[in-house]
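Me: I would like to take a close look at a single part of this protein, and I would be glad of a connected explanation that I can follow along with the model.

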Amino acid sequence: MRDGGDGCAVERAIGELDLRRRVRPLTGADTWHTHPEPALGLAPLVFSDGPAGVRGPGWDACDTSALLPCPSALGALWDEDRVRRLGELLGDEARRKGVHVLLAPTLNLHRSPLAGRHFECFSEDPLLAARTGAALIRGIQSRGVAATAKHYVANDSETQRLTLDVRVDERVLREVYLAPFEAAVRAGVWVVMSAYNKVNGTTMSESSLLAEPLKGEWGFDGVVVSDWGAVRSTAAAALSAQDLAMPGPGGPWGEALAEAVERGEVPAGAVTEKLRRLLRLATRVHALPAPARPAAVAPAPGALAGAALPSGAAAEAGAAAAAPAACAPQAVAPTAVPLPYGDLAGAAAAGLAPAGGGPAVAGPAPASPAEAALGAGATGGVPPVGTAAVVVALAPGAPVGVNLPAREPAGVASAGGGPGGGAPAGGGAGAPGGGASGRGVSGEATGTAAGDEGAGVCRVLREGAAASFVLLENRGVLPLDPGSLRRVAVIGRHAVAPRVQGGGSSEVFPHRTVTPLAGLRAALPGRVRIAYEPGPQPAADPEPVGPRHARDPVTGAPGVRLRVLDAEGAELATRAQPAGRVLEPELPPGAATVELTTLLHPDATGPWTLGLGGFGPLRLTVDAAPVLEGEFPPGTDDPAVIHVRPPLHTARVHLTAGRPVRVVARRGLAPGTGRATVLAAAPPVAGPAPASAAALEAARGADAVVVVVGTDEGGESEGRDRDTLRLDPGYGRFIGEIARANPRTVVVVNCGGPAELPWRADPGAVLLTWFPGQEGGAALADVLLGRAEPGGRLPTTWPAALADAPVRTTRPRRGVLPYEEGLHVGYRGWLRSGAAPAYWLGHGLGYTTWEFEGIGRPEPVPGGYEVPVRLRNTGGRRGREVVQVHLARPGSAVERPARWLAGWAAVEADPGAAVTARVRIPLRALEHWSARTRGWELEPGRFTLLAGRTAGDLPLRSVLDAGAPHGS
């Protein structure tokens, strides 16, 4: 054994275990835990989804998390040091939540702009994805938490993702799709996740690619965990290099694997090697030997509510009362831990839930050692798991409708806090879970580490978001001068309900969400008047009910009342929930129905859209009158759909402003349908003509206009690919009208992947903010007002129109998805096609200008070459620029892209100053994979070096003379 511990003693203990005890730890104990093994001193390993936050073992709106910018934003940083620091933050969050293994980063590529999970990946380029991913891994694992390189491999789209067969040749695999995973292994990653899909006919949990190159050639000595449910066989998966099947306790291993060993189908040594790898991982994350549980120390009352925040954030946060009772359970019958996909019998068999209806202790969870560690500033080992996080909740009786107004009162509010400024006290999705749908509707602070640590987290997230923003267009409008502003118009629903994260398993319930409107109010001085108008509303599904409209009928607090009922309708358990999206309600024995009830307070009169999400028998009533009822079986077995984003079934109901109604949503529990339940509502939408007219009026009278647009909830999510890159079709004409009314219009684009922007030449500036995480609104204010530079550079080439993109298809034909483009992914495909995109890889303007003055000859260094590139800051303020160096090989004997990214470096300089970027070119960048020799080869001869700021703007040239072929 390596990495500490008494290896000899562990080996002796393994030898003393019988076959079934060796097999047992190789399948999960439940959805997020592995089995303990007392004879080895092995504690359960705790897993959590990533990569934009650490949700922890379960989906609990009361257990909030720090929410980072999405991974495509991290790719836009082109900054490994900042990515590493963000990885350290994730590692700290994992320790706080008692998580040993974080399922991040996602190292798949932006092959097609239609990929639904585009936001969760770094780049179209394998080198940029590799270096960014390696930096994040180093940061996470520096905290004693395992990172997970996923999804190995070619899991680059969502359509039929559980079964599709990707056909890709060996060279393309090696040079493009495997390259980020190889870099992850070189960075020392401790876990690799095998994907759902097949590659060249074999499902990845049975693929020979797990052995070679992963464990053999690359020397990966960690654990290969399956994607959840991706192990489909007993012997075939066990004979491959698959080590751990998740989740459990069911599945194709367990007793079936022990019997396969006894029949001689699987060598006993293969099982031992898998267990040995699991123990090595446990040693690395301090779960072997199992840690003693320290005494819990609860934070002082109000400690989290009074956490210090970054400059200006106090105004954003507003006043929030420390009222964790809003999330406390009130059980009236035996309760149990969250179960694996609703598997009651399996959990009882695993010893995690009472079998046969036996009693369990109900009531609030104890304060966790993680909380105590935060209060003391400890940085010790990973704390034990299974304890609840402390949150700050809204006070019962907070006023209804104070947040997310359809329009500002009288159309105007003052900036800088106070009435109409900052975030309202006691409202908004600042309540725990309010941003659960991926949207945020408040500047509320809702549960973060105490004191300076909480401030530090917010600061890192705020600065990281600003550094990722990409200035796509600027015609002298940005940055805005706060001293010249008297009136600012903020337009668009995304200004008050931004998308702060993508959809699917990566979602977390953020500590807080700072919206664009709240961020600007907090940043601008009080003399500046802000007019908000929603503008024409894009068609979208209703959002889960939250503090704006919903009140718990029992306590009067913002939120909903969750009840779990038996088959006779008797109440088994009840709990307050801050919002109407409940994904993993605890199910006591005998549970048959999940019920959500709220007093809905309409703030507008007209036809409201109510929605109920879930599967099986569904019933929705308003004041006891049924408005929706039926049987809704799942049309898929995709876990992201069943357990995370069940489709909404809707009904229209006429409601009157100021007259509350009692809304009750019920779903029956049936095998294979999960237990996720969503109660949603949307107010009447004003017609596009009056909404546009009001927005235009606000724009004409403003010194500056900020229009915020973006994708809708269904547009970018795990489990489905996109059908289009278009934003709402009404945006084009509307943005043109606003820009003509006021040339000082800035359009902020809030999305995780490419979008068509046919109006991009109309406004004074276009700023891409991605899914910016919880501090997005504060970061946006920093960038708009020039306090921070928009430091992002596109990690992916954006088409002007989808039809222009050289690689579009994500839909398999008869279950097969051929990667026919071969090596020509992303900008490489654009170069081959000769078409011009809207924006090349690396595009981003910043707030200064640069001139590329010269490139020197490459200098040999260990492992490759170093290329000096000289450039000068020709603008009026200090700035940062990214220097790309590409390689080309005209007349090559092997097929190659027209050119390919070989290295990059970032530089900073004051106005007028020259600086030299020294760009490292690894030897591998010159090599190609030979399927004939099954190795890397260097074609001798002359390569062309090209340097510049984007893949389409490389004005400097030099040459590099390569030597004789050799392996690397």
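Leaving aside its neighbours within four places in sequence, which residues is Leu-214 in contact with?

Reply: Please keep in mind that this is a predicted model. Once the neighbours within four places in sequence are set aside, Leu-214 is in contact with Tyr-152, Val-185, Val-192, Leu-209, Gly-219, Phe-220 and Val-224. Leu-214 belongs to the largest nonpolar core, which has 58 residues, and it is one of those that touch the most other members, together with Tyr-152, Val-153, Tyr-177 and Val-189. Several elements each supply at least two residues of this core, including α5 (126-141), β3 (146-152), α6 (170-177), α7 (179-186) and, from much further along the numbering, α15 (451-468). Another core, of 52 residues, lies apart from this one, and Val-23, Ala-61, Val-225 and Val-644 are among its residues.

Among the elements that supply the largest core, α7 deserves a closer look. Six of its eight residues are buried, so α7 is largely enclosed by the rest of the structure. The buried residues of α7 are Ala-179, Pro-180, Phe-181, Glu-182, Ala-184 and Val-185, and the last of these, Val-185, is also one of the contacts of Leu-214. As for what surrounds this helix, the buried residues of α7 pack against α5, β3, α6 and α8 (211-215). Just after α7, the chain reaches Gly-188, which takes a positive phi of about 90°.

Methods. Residues numbered from 1 in each chain as written. Predicted model: local features only at pLDDT ≥ 70, side-chain atom pairs only at ≥ 80, totals over all residues. Heavy atoms only, no water. Core = buried A, V, L, I, M, F, W, Y, C linked by side-chain atoms within 4.5 Å. Buried < 20%, exposed > 50% of the residue type's maximum accessible area, 1.4 Å probe, protein only. Helix = DSSP H or I, 4+ residues; strand = E, 2+ residues; numbered from the N terminus. Contact = heavy atoms within 4.5 Å.
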